[in-house]
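Visitor: Please take a close look at one part of this model, the surroundings of the ligand. I would also welcome an account of the backbone in the elements linked to that site.

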Amino acid sequence: MAYTRRMTDVAPLILGIESSCDETGVALVESQASGVPKLLSHALYSQIEMHQAYGGVVPELASRDHIRRVLPLTKQVMAEAGKSLKDIDVVAYTRGPGLAGALLVGAGVACAMGTALGKPVLGVHHLEGHLLSPFLSVDPPEFPFVALLVSGGHTQLMRVDGVGRYEMLGETIDDAAGEAFDKSAKLMGLGYPGGPALAKLAEQGEGTAFKLPRPLLHSGNLDFSFAGLKTAVLTQAQRLGDELEPRKADLAASTQAAIVEVLVKKSLAALDQTGMKRLVVAGGVGANKLLREQLNAACMKRKVRVHYPELHLCTDNGAMIAMAAAMRLQAGQQEATRAYTFEVKPRWPLDAISQSV
Ligand code: KG4
Ligand code: ZN
């Protein structure tokens, strides 16, 4: 089934604000007469440099920086799209999950803007933003599909039959894949965020150099576990001692190989289980080159189509929030509200917004 527009509740111009963690993202999306909404402009400010000194995200600093960035970014996207604030029909923001203080900045700004402009607001689920982010690409997917959602906080396999129709097939029972990258990178003394740093170093190493566990690979279900892998990396690093430095690239490559193998095999198992021929990969770890290469190769063999977000839209951004809002409104899944009593949800499972499939 192609993504088609419903003529009810159409709100043409949607401003999206993302502030759940360490990136401030703002974007403008316009609903189309038919088909997928169109991204008009987006702007992003990454706080990575600020948090690097601390080896991870400092929530209070994140909130304060979102406050500084969100209005200048809004001005920028309005100017780039050649629109003015009064053209906006709905102000969408990330309602959760994420850091409470950081979420409150986006929600507060969205509700203040909505009140001032006399326009309704809509709170978006951050993971739904990631999940629907491949619709921002030049080759958007069609429903239904299997989704592999791999971010810093989540690792989930889902059956997706339409907007808001998500069925969880399996998820991590402990660490997320992004967390496994980040924590292993930290153990090796690599920078924050660890995923890209570890992946870069891994390019100079050998993925088979160290034998690391593939947790739950043969569990017979679609759940993941990455906490044991991190411990195995720590044990290896300690065993190597002074020898770690010259073997770091090999350890990084072996860690990446273990994470990627599990993600690929479980994704293939999910495709088998559902009988689907389309896979959508979303979330920050979806930017990983080895993961893309191995998924592409495995899916080509099985005549499965794989869709990814554009590389620069894999990690957090405002475009995915505006897009998810536009798609929810078009699908008649949610209505924007003029009740500006914002409430954020730092913990919020995606199932909570899913209709039964
Ligand atoms: O989706 P995201 O931006 O934030 C969350 O919602 O969590 O994902 C961030 C995660 C981090 O753990 C980061 O290390 C990981 O995505 N990541 C990567 C790569 N780029 C980002 N992991 C592996 N390889 C990459 N190239
Ligand atoms: Zn995210």
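**The ligand site and the adjoining loops**

Guide: In this predicted model, Pro97 belongs to the loop that runs between strand S4 (90-96) and helix H3 (100-117). The peptide bond that joins Gly96 to Pro97 is cis, with omega at about -15°. This loop is a starting point for the backbone; the ligand site itself follows.

Ligand 1 sits in the largest pocket. Both domain 1 (13-132 + 314-352) and domain 2 (143-308) contribute residues to the shell around ligand 1, and therefore the ligand lies between the two. The shell comprises 17 residues, of which His130, Gly152, Asp182, Gly195 and Asn288 come nearest. By class, the residues of the shell are four nonpolar, 11 polar and two charged.

Three helices each supply at least two residues of this shell: H4 (126-132), H5 (177-187) and H6 (194-202). The largest share comes from H5, with three residues.

Individual polar contacts can then be described atom by atom. On the side of the oxygen atoms of ligand 1, a polar side-chain atom of His130 lies 3.0 Å from one oxygen, and a polar backbone atom of Gly178 is 3.2 Å from an oxygen atom of the ligand. A nitrogen atom of ligand 1 is likewise engaged: a polar side-chain atom of Asn288 lies 3.0 Å from it. As for overall cover, ligand 1 taken alone exposes 550 Å², and the protein buries 86% of that area.

The loops that adjoin these helices also deserve attention. Between H5 and H6, the loop contains Pro193. The peptide bond between Tyr192 and Pro193 is cis, with omega at about -5°. Both of the helices that flank this loop, H5 and H6, are among those that supply at least two residues each to the shell around ligand 1.

Further along the chain, the loop between H6 and helix H7 (227-240) holds Leu216. Leu216 is not a glycine, yet its phi is positive, at about 60°.

To return to the ligand, the site combines residues from domain 1 and domain 2 with a shell in which 11 residues are polar, and the side chains of His130 and Asn288 each place a polar atom 3.0 Å from a ligand atom.

Key. Residues numbered from 1 in each chain as written. Chains lettered and ligands numbered in written order. Predicted model: local features only at pLDDT ≥ 70, side-chain atom pairs only at ≥ 80, totals over all residues. Heavy atoms only, no water. Near = heavy atom within 4 Å. Polar contact = N/O pair within 3.5 Å; in protein donor to acceptor, adjacent residues only side chain to side chain. Areas by Shrake-Rupley, 256 points an atom, 1.4 Å probe, with all protein chains shown as cover. 1 Å grid on protein atoms, 1.4 Å probe; cavity = no way out; pocket = protein on both sides within 12 Å on 5 of 7 lines; lining within 4 Å. Sits in = over half its atoms within 2 Å of the grid points. Helix = DSSP H or I, 4+ residues; strand = E, 2+ residues; numbered from the N terminus. Nonpolar A, V, L, I, M, F, W, Y, C, P; charged D, E, K, R; others polar. Domains from an automatic or database assignment.
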